[in-house]
Structures are given as structure tokens and as C-alpha cells.
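The following exchange concerns the reasons behind the labels given to a protein model. Each answer sets a value against its criterion.

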Amino acid sequence: MTTNSVVEGPVQALARSAWQTVLVTGVLSVILGVVILVWPGKTLVVAGILFGIYLVIAGVLQLVAAFGATKSAGMRVLYFLSGVLSIIIGVFCFRDELASILLLGLWIGIGWLFRGVAVLVAAASDPGLPGRGWQGFFGVITAIAGVVLIIWPVSSVATLTLVAGIWLIVLGIMEIITAFGVRKDFRRLTETAA
């Protein structure tokens, strides 16, 4: 066994799990966005619960990324904080009161803003990051989505669900594209190493 194969094994496993994790998160975002747009009135309380589930899952995945996705201590801290914030907001979403659903837009916006900044900083600070360009673009889109949800004058729950549903679909598509970009870069790197 050569030294390269020992070093490449864990890196390959990490890159493979990274693109699959981003893909799963993207698919979940698209599904949740479509569900919200198709049944905005009937599933408002359910939408709050689904947002909570999505944010908890995304937070857990970000915590996993914090402990293995990057070598930089600063990036680990950002991923960790983003994951914890996402989990806390997700748990908050399980409340079914109307006030909680109205505040959900603000909380989701803050979570997306933190996540977008974390992904953007990771892409900017690590030149060897697979799918770096796509991840940077995804970070910008996620941060913009967060800012829109924070400053959007949400005057009704229907507006919140419409905006959140559209943004979830857009962000989910971007995550799916990012996942395939990471996979493509990973394959190119492994072919070059071989």
C-alpha cells in the first residue's frame, strides 16, 4: 500500500459523503418548497413542523461538516454555530401558534444568512475545496435568501409561505447543482491523482 492510497482513502470518503449530503439536503429543500406552494392554506401548521424538521436535519448535517469538512478551525466554528442555530430554530418551529409561524420567516432568514456566509467563507478560504465555485455561488444565493426573508415585509402568512416555498425550491436546486459540481471536481481530482 502506497502513502498516496492511505491519504486518499479518508479524503475520498469525505468528498463522497459531502456531495451526497448536499444532494440529500437539496432534494429535501425542493420537496418541502413544492409541498408548501401546493398546499399553502391547508398545511400552514404542517409547514411550520416541516420547516422545523428540515432545519434540524440541516443543522445536524452542518454539525457533521463542522467536525470533518475542513481543516480550518474558524470554518469548523462557523459550521458548528450555523448547525446549532439551525437546530435551535428547527425546534422552535414545532410550535403551532400563529405567532410562531409569522416569526418563522425571520428565524429562517437568520439561519439562511448564517449558512450562506459560512459556505461562502469556506469556499473563499479553501482553494482546494471540491466544487468551490458552486459552493461560493450557493453561499451567495443562500445569504441573499436570508436577507430577503429578514427584511421582507411579511404582512400575511400566505406571503410567508409563498416566499419561503419559492426560496426553498431555488436553494434546493442550487444545492443539487452544487452536489454534482462537487462530485465532478472530486472525480477529476481522483483521476488526476491516479
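The questions below treat charge pairs, burial and a surface patch in this predicted model.

Q: Why is the contact between Glu-175 and Arg-115 called a salt bridge?
A: The N to O distance between the two side chains is 2.5 Å. The criterion asks for an Arg or Lys side-chain nitrogen within 4 Å of an Asp or Glu carboxyl oxygen, so the pair qualifies. Glu-175 lies in helix H6 (residues 157-193) and Arg-115 in helix H4 (residues 98-125), 60 residues apart, and the pair thus links distant parts of the chain.

Q: What makes Glu-175 buried or exposed?
A: Its relative accessible area is 1%. Buried means under 20%, therefore Glu-175 is buried. Arg-115, at 13%, counts as buried by that cut-off.

Q: Why does the pair of Arg-188 and Asp-185 count as a salt bridge?
A: Their closest N and O atoms are 3.3 Å apart, and the limit is 4 Å, so the criterion is met. Both belong to helix H6, where being three residues apart separates them by about one helical turn.

Q: How do you know whether Arg-188 and Asp-185 are buried or partly exposed?
A: Arg-188 has a relative accessible area of 48%, which falls between 20% and 50%, so Arg-188 is partly exposed. Asp-185, at 16%, is under 20% and therefore buried.

Q: What makes Val-24 eligible for the nonpolar surface patch?
A: Patch residues need over 30% relative accessible area; Val-24, in helix H1, has 45%, so this requirement is met. The patch covers about 530 Å², and its largest share, three residues, comes from H2.

Conventions. Residues numbered from 1 in each chain as written. Predicted model: local features only at pLDDT ≥ 70, side-chain atom pairs only at ≥ 80, totals over all residues. Heavy atoms only, no water. Helix = DSSP H or I, 4+ residues; strand = E, 2+ residues; numbered from the N terminus. Buried < 20%, exposed > 50% of the residue type's maximum accessible area, 1.4 Å probe, protein only. Patch = residues over 30% accessible without salt bridge, like charges linked within 9 Å, V, L, I, M, F, W, Y side chains within 5 Å. Areas by Shrake-Rupley, 256 points an atom, 1.4 Å probe, with all protein chains shown as cover.
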